[in-house]
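Q: Please take me through how the strands in this predicted model are assigned and paired.

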Amino acid sequence: MKLQVVLPDESAGADPRGLVDLVQRAEDLGYDTVWLPDHILPPDAYGPVYGGVLEPLVTLGWLAAVTTRIRLGTSVLVLPLRSPFVVAKQVATLHAVSC
């Protein structure tokens, strides 16, 4: 059985160091994959805290640096709001630095 978990990066004021603790704990417990959700424009609940949601590709690169075997991915990536060429380069780079 492969265990997977979605990390909580969508709360305003999320502490990125807390994500490191969570991903390392998931790896220690034998989880196979961690996922991060994405939303460029946070829902109404974030109101004036625009940008409080951590950008998943950058965050996954950071988490790749503190893990050894767990797989990383996005549960959602809102591609129509991004440049597909930039996303392709970001994802290819993330793959290269995390292998």
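A: It helps to begin with the rule that two strands pair if DSSP finds at least two bridges between them. In this predicted model, Thr 33 stands opposite Arg 71 in β3.

Q: How do you know that β2 and β3 are paired, and in which sense do they run, parallel or antiparallel?
A: Pairing requires at least two bridges; four bridges join β2 to β3, and the two strands run parallel, so they count as paired under that cut-off.

Q: What makes β1 and β2 a pair?
A: Between β1 and β2, which covers residues 33-36, there are three bridges in the parallel sense, and because at least two are required, the two strands pair. Val 5 stands opposite Val 34 in β2, and the bridge partner of Val 6 in β2 is Trp 35.

Q: Why are β1 and β3 called edge strands?
A: The three strands form an open sheet in the order β1-β2-β3, with parallel pairing. Both β1 (4-6) and β3 (71-74) pair on one side only, and they are the edge strands. Neighbouring strands of this sheet are turned by 20° against each other on average, with direction ignored.

Q: What makes one say that helix α2 packs on the sheet?
A: Contact means heavy atoms within 4.5 Å; helix α2, residues 56-64, touches β2 and β3, and its direction makes about 170° with that of β3.

Terms used:
Residues are numbered from 1 along each chain as its sequence is written. This is a predicted model: local features need pLDDT of at least 70, side-chain atom pairs count only at pLDDT 80 or more; totals for chains, interfaces and linings use all residues. Side-chain values use heavy atoms; hydrogens and water are left out. Axes are lines fitted to C-alpha atoms, for helices over the stretch in contact, and angles run from 0 to 180 degrees between N-to-C directions.
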